[in-house]
Amino acid sequence: MLRTTLAGIRARFLRLVLSSIAIVVGVAFVSGTMVLADALQATLRDEFARSARGVDAVVEPERDAVLDIAAIARVDGVAAIALRQTVAVPIVGARGRAEEADLVELAADPSLRAQEVVQGAFPAAGQIAVSEQTARDRNLSVGAEVVLLGRDSAPERFTVSGVYDTGTAERPGTAELLMPGIARFVDPAEPPYGAHVVVRSSGVDQSVLAERLQTALGQDFYVSTGATYTEMLLAAQGGDDIALAMSLFAVVALVVAAMVVMNTFTILIAQRTRELGLLRSIGAGRGQVFRSVLLEAAVIGMVASVLGLAAGVGLAAALQSMLGSSPVRLPVSGPAVAAAFAVGLGVTLVAAFLPARRATRVAPMEVLRTQVDSREEVSRTGRARVVVTGVLGSIAALFTVLALTQSSGPKLAMAFAVGAGLFLLGAVVTAGPLLVGPLIRGLGAVPRALFGVPAALAAGNAGRNPRRTAATMSALLVGVAVVSMLTVMATSVKDTRDSTFAQQFPADYEVSSAVHDRPLPASLLDRITARPGVEAAGAERTENLVVAVGDRKRTIGLAAVTPSSLGTLIRPEVVRGDLSAVRGDGIALTEEIARSLGVDVGTVITSTVGTVSKDLRVVALTKSGPGLDAYADLATWPGQGVQTISVKMAPGADGRTVLDAAVESVPTAKITSFADTRAEFTAQIDRLLAFVWAMIGLAVLTALLGIASTMTLSVFERTRESSLLRALGFTRAQLRGMLVVESILIALSGAVLGAVAGTASAALLVVAVSRDDDLQMTVSVPYGQLAALFVAVAVAGVLAAVLPARRAASASIVAGMSDR
C-alpha cells in the first residue's frame, strides 16, 4: 500500500503542487513573523545594550523632584555620573526659518556615552555633532556650520565636529544633535521630560550601589540597576507591533490555505473513486485507504514546510530592508523551525482529514463506474447545513444587538462587533452552497447576453455543483471579506476626520511655533490680522485647568482663545448656551465635564491655572469629543505668548505669501496649511491601507491559486465532456472562453459575498464604536476601491483559467471520448 501511495503521488505530482503552494504561503507568513520578531528583538537588544553600556545604576526623579548631581556623585561606590537629557531647540534651516531639533547632552565620561562616532570626533566647546540621519537629511559634514536659537531667540553658531550613530531610532524628520553643556538651552521652569542620571560603579555590585543611592536620595527618586534599566528600555520601546500585525495576517493566510487544501483533496478523492474502489476490491481496508490519503497530505505538508520556511526567512529579510534595518538579521531559531513544520503539517493533515474519511466510504463496486462525476458533491445541500447557518446567523444577530445596546464602553462594543462579524462570516461561508446557485445565475446574465452558448454553459457548470463551487470560492470570500472590512473602516476614519476637521476648524492656515516650548509672541496676532487678504485670525494657548465646584474637582484641558474665533475659526458643536458669551469671565465646558461636576449653564465654577484662580460662569455646553474640555477668553489667562494662530484667508488671497511676510521677524513661526494637514493624514491612512492590501493580497492570491487548482482538476474530470462539446461543433476558442467565464463567475461570487460580509462587519464596528461620544464616526463605503477590487478579482479569474483552458482546448477529441 505504501508503494501504491508513493506511485500515486508521482503520478499526480503537478496537481499536488498546486495545493502545496497555498501551504507554502501560510508557512512563510508564520515563520517569517517569528524570524522578524526575533530579528527586531536582537536589534533592539543591541541598540539598548549600547545605551546601557557601562551603566551600573540609573536615578530618575519622581513627580517634581529635582536631580542633584552633586549629591549623587557623593554616594559611596559612584565612580562617574552623566546627566542624560534631551531638549527641543530651534535649528535654523532653509530660508532662515527655524525647525525643531533634539539636542542631546554629551556625557563627560566616555564610558557612559551611548553614541559612537562614525566620522570626525565628539564635540568640544563651540562644536556640535550630528546624527547620521541628520547629516543625510541636511547634507551636513564635518566642518559645516549649524545655527541654533537660544532661549532669547538669539542665533548661536556651532561647527560640526563629527557624525555619530545614535544607537536608537530617531524621530522621523527631526534633527538630532549632540553637544556638551546644554543647560543654557533648558527652560529652568520646565526641565526636560525623561531626564535621568546614569552611574558607573567603582567596583561595587549593581544591586548594592542601587540600594545606597536609594537610601541617600530618598523616595522622591526611583533607582534601578543597569540590567533593569536595559529591560525597561526594551519594554518601553516594544518592537513586537509589526510581528503582531504579521501574525494576524498569517492567521488569515492559514485559514485560506486550509480551505484550498481541503477543497483540493475533496476533488482529488472524488476523481479517484474508481481507483479507490479498485483498491478496496483487491483487499485494501478502510484504514489503509485512510492512511494512504493522509500520507499524501503529510508528504505535501513536509515539502511545503521546507519551502515555506525558506520563503519566510526571505520575507523577514525583505521586511527588515524595507524598515531600514542594518544589518539584516536572520535568526532562525528552533521554535521558528518547529512552528513552520507544525503549521505546514498540521494545516495539511487537518484539511485532509475529512476528505480522507470520505475516501473510506468508497465501496468496492465503484470500480465498475465508467464516468467520474463526483456524485456526492452534486447532491443537494442537507438540512444540517441550513441548521448550522441559522445558528451562526442567530449568534451574529445576538452579538449585533449587544454591540449596539451595551453601555459598558467602546472596548466591549468593539468586542461584540468583531464577534458578530466573525459569526456572520462563518454563516456566509457555511451557507455558500445555498447562495451560490442564485448568485451564479445573476452574475451569469451579463456574459450570457454577450457571449451566448459558451457563457450559458459556463454558468451551468459553475452552478450545477454548488458544494464544490462554494468550497472553491470560500477561500477567496474570506480574503475579500477581510480586505473589504479594513478598507471600509479606514475610509470611515479618514472621511470622518476630514469632515469633522473641516466643520470644526474652517481656517485655511495655522501658524505655530516650530519648538513646542517656545511660544509665539502675542503681538504676532495683530501683525497677521493687519495683513491684506486675511479675513479672520484668532490665537490659542492650552493650559491645564483645575475646576472645582463644592467638593468636586477635576483637572481638564483648557483652550484659552481669542473670543471672536469661537463660532468662526473654531466651531465646537453647541448643546446649549451661547459661545459668543465666552469672553471675560465666561467659560464653555463639554457635556461630559459638566455632568461630572454637576454643573449647567449659569453655574459659577472656581478655575485655577498654576497659582492664579478665578470664578468663571458657565455660558455654554459643547458636545463631547476628541480635543480639549473647555474654552475661555485668552485675555482672562495672560501668559507667555500663544501656541497657535488660526487664519482664514479672503477668497483669492495667496495665503502662504501673506503669512510669510507677516512672520518674517519670528524665525520660530511655522506655517501649516490645513489642506496639507488633511492630505498628510489621508496619505498616512492610504499607506497603511496599501500595506494591509499587500499582506492580505497574498492570502487572496492563495485563494486564486485555489481556483486555478480547482479549474485544473475540473478539466481532468470533464475531459470526456469537453471532447463531446468539441465533437458537437465547439471551437477551441469557445471551449477556452467557457472555462474562462466559469472561472470569473466563481471568483466574482466569492468576491461579492466577501465584500458584503466585510462591509457589513465594518459598518457594525463603526456604528458600535460611535456610540461613545469621544469616538464619533460615520460609515463611508469606498465604492471606487471595491469596484477596483472586483475588477482585479475578475482579471485574476481570467489568469487562473488560462492554463486549464489551454489544456482542455489542446486535448484530442478521440482520446478524450475514450473510456478511461
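This is a guided tour of a predicted model, moving from the whole chain to a sheet, a helix pair and the nonpolar cores.

Begin with the whole chain selected: across its 820 residues, 48% of which are buried, there are 25 helices and 21 strands. Before zooming in, bear in mind that among the contacts in the chain with a separation of 6 or more, 81% are between residues 24 or more positions apart.

Next, select the open sheet of 4 strands, which pair antiparallel in the order E2-E10-E1-E11. Strand E2 (78–84) and strand E11 (221–225) each have a single partner strand, so these two stand at the edges, with one side of each left without a neighbour in the sheet. Going from one strand to the next, the twist averages 20 degrees. To look at one pairing in detail, show strand E1 (residues 57–61) together with E11: the two run antiparallel and are joined by 5 bridges, and Ala57 can be found opposite Thr225 in E11. Now add helix H5 (residues 206–217), which packs on this sheet and touches E1, E2, strand E10 (196–201) and E11; the direction of H5 makes about 170 degrees with that of E11.

Move on to helix H13 (residues 410–430) and helix H14 (residues 432–443), whose axes are 5 Å apart and which pack at an angle of about 65 degrees. Because angles of 65 to 115 degrees count as roughly perpendicular, H13 and H14 are therefore described in that way relative to each other. Show side chains here to see the contact, to which H13 contributes Val428, Val429 and Thr430, while H14 contributes Gly432, Pro433 and Leu435. Of these contact residues, 4 are nonpolar and 2 are polar, with no charged residue present.

Keep H13 and H14 on display, since both of them, along with H7, H16, H17, H21, H23 and H24, supply at least two residues each to the largest nonpolar core. This core has 53 residues, and those touching the most other members are Val256, Leu476, Ile696, Ile707, Met738, Leu739 and Val793. The helix that gives the most to the core is H23, with 13 residues.

Centre the view on Leu739, and leave aside residues up to four places away in sequence: what does Leu739 touch? Its partners are Met711, Val715, Arg718, Ala801, Pro804, Ala805 and Ala808.

For the last stop, select Val511, Val534, Val647 and Val666, which are among the 22 residues of another core, lying apart from the largest one.

Technical notes. Residues numbered from 1 in each chain as written. Predicted model: local features only at pLDDT ≥ 70, side-chain atom pairs only at ≥ 80, totals over all residues. Heavy atoms only, no water. Axes fitted to C-alpha atoms, helices over the stretch in contact; angles between N-to-C directions. Parallel < 35°, antiparallel > 145°, perpendicular 65-115°, else oblique. Contact = heavy atoms within 4.5 Å. Nonpolar A, V, L, I, M, F, W, Y, C, P; charged D, E, K, R; others polar. Pairing = 2+ DSSP bridges. Core = buried A, V, L, I, M, F, W, Y, C linked by side-chain atoms within 4.5 Å. Buried < 20%, exposed > 50% of the residue type's maximum accessible area, 1.4 Å probe, protein only.
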